[in-house]
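Trainee: I would like to go through the cysteines of this protein with you. Could we have the structure in view before we start?

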Amino acid sequence: MALRAVLGAGALALLRPACGLELARSAQEGLPWYELHPGWGLDDWKKELNLSDPPKVAFRKATTDERKAHDEAKRQCSIAGIASRRGSSRAMENGTIAYLVTRRSDLAQLSESLPRLRHHFLRFWPYPVKIFVVSDSLRQYDNDTFDNLTCKKDTYHHSDGTVGWGRISCTPDNAPNKEEVRKVASESLGPDYDWEVAEFDLRVPEAVKVRPEWENCDRKHMGCGPRWENMNLCAAWPGIKPGYMHMNQFFTKVMYEQEALRKYKYYLRLDADFEFRETLKADPFCTMAQTGRKFIWQTRRHSGSPFCTQGLWEWFQKYQQDNGLTPQDPHFWRESSAMVNYVGYAGMGDLDFFRSEPVRKLAEAFNNDGRVYLNRWSDQTYYVLLFALFENHSAVGDIGFEWPDASWCHKCQHHGKFDPITGKTS
């Protein structure tokens with residue numbers, strides 16, 4: 001396996017001689033590069049390759065004016081505030097809640113998160129819910145990802161929908177179909193709420209080429225190494241699956257093209273493993289409308305790995321220059337902002353912004369480049385530089401949802417069954 005295929009040209013240029021010899025030897029002997037040091041993480045490889053993170057952009061505190069506007073919006077968007085302004089506490093904005101379900105594990109998580117959404121959110125503000133699932137066309141196109149029934153070779157067999165060997169079994173991670181998701185949605189939300197399961201489709205960009213070694217591998221047993229040529233360390237890291245890259249294409253481009261979202265102005269994206277644990281004090285759609293924001297995050301933080309944003313700033317900078325664009329947010333229009341992300345488990349956006357011609361054009365070019373797949377560029381970092389290019393700082397600002405820690409959780413522990421009617425767990 002060529003070093004360039006597993007590390008990327010940027011990392012190769014920074015290899016120390018000893019490390020380069022080690023990697024060259026592993027390639028000669030046909031060993032995966034990560035087997036040189038099985039216990040190493042990305043930080044160990046950063047040290048070995050003598051890579052350092054770029055300087056971190058400072059997160060500013062909200063201005064007094066932004067804080068006042070936000071607090072006033074929360075007051076007006078509480079149950080009492082909406083009722084006094086609009087005559088009914090259930091008056092709503094033109095928004096929808098969106099989920100993406102592409103893994104078998106998402107289905108079980110959705111069965112936990114939807115009942116809590118119903119109790120803590122929808123019973124006060126019954127926004128429509130859209131759940132996007134893999135289309136039959138996409139399942140056929142990438143059967144390895146979306147009909148994946150694989151185990152390690154020494155535990156391989158198929159039986160009764162599970163895969164395993166003897167007494168050892170592993171759960172397949174094939175994408176649930178539309179009817180399976182409808183069943184969970186129906187049981188969780190019932191007939192009194194507006195929900196829809198919608199299919200989506202996508203294709204891998206032409207710039208991304210499959211490695212012949214992977215194509216010729218007996219993939220039912222896994223262990224076939226990186227799927228595409230020229231994947232860098234972040235994309236080729238063991239355990240990172242193509243479905244993750246498909247997800248990033250969905251949230252940077254494909255979602256905004258969906259017919260199911262066409263009539264809405266706002267979306268609230270929630271991951272299947274994100275749950276509300278307390279009732280919200282204010283309608284977030286209303287808060288967004290009142291403040292005029294175009295994107296709201298729950299968590300903003302610095303990224304931990306330069307491998308996963310390798311080349312991202314340079315791509316945005318070149319696109320800006322080639323298209324004669326003037327960046328609108330000087331605070332975030334800089335190299336260090338490529339290391340910032342708006343964490344993807346909960347975020348809200350203005351669909352008119354994402355469907356605008358300049359943004360659609362950029363999203364098309366961004367995905368055609370191929371590094372969403374080859375460098376694992378993510379939607380979480382994409383949003384930061386996208387808004388810095390097209391909108392002033394106030395369009396996102398320095399205040400997120402500010403949901404208290406006790407009111408939500410991600411990858412939650414469950415003890416018993418949650419009743420969406422009573423709010424009790426038994």
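Mentor: Cys77 and Cys286 form a disulfide, with their sulfur atoms 2.0 Å apart. A disulfide here is a pair of cysteine sulfur atoms within 2.5 Å. Please note that this is a predicted model: local features need pLDDT of at least 70, side-chain atom pairs count only at pLDDT 80 or more, and totals for chains, interfaces and linings use all residues. Residues are numbered from 1 along each chain as its sequence is written, and side-chain values use heavy atoms, with hydrogens and water left out.

Trainee: Where do Cys77 and Cys286 sit in the chain?

Mentor: Cys77 is in the loop between α5 (64-76) and α6 (79-86), whereas Cys286 belongs to helix α13 (residues 284-291). The pair links distant parts of the chain, 209 residues apart. Helices (H or I, at least four residues) and strands (E, at least two) are DSSP runs, numbered from the N terminus.

Trainee: Is Cys77 buried or exposed, and what is its relative accessibility?

Mentor: Cys77 has 0% relative accessibility and therefore counts as buried. Buried means under 20% relative accessible area, exposed over 50%, and partly exposed in between (1.4 Å probe, protein chains only). Its partner Cys286 is buried as well, with a relative accessible area of 1%.

Trainee: And which hand does the link of Cys77 and Cys286 have?

Mentor: That link is left-handed, with -75° about the S-S bond.

Trainee: How many disulfides are there by this rule?

Mentor: The count comes to three disulfides. Another of them joins Cys234 to Cys308, with an S to S distance of 1.9 Å. Cys234 lies in the loop between α11 (212-215) and α12 (242-252) and Cys308 in the loop between β10 (300-302) and α14 (312-322), so this pair ties together parts that are 74 residues apart in sequence. The link of Cys234 and Cys308 is right-handed, with 90° about the S-S bond, and both cysteines are buried.

Trainee: What about Cys409 and Cys412?

Mentor: Cys409 and Cys412 form a disulfide whose sulfur atoms are 1.9 Å apart. The torsion about their S-S bond is about 115°, so this disulfide is right-handed. Both Cys409 and Cys412 are buried.

Trainee: Changing topic, how many helices and strands does the chain have?

Mentor: The chain has 18 helices and 13 strands. Of its 426 residues, 52% are buried.
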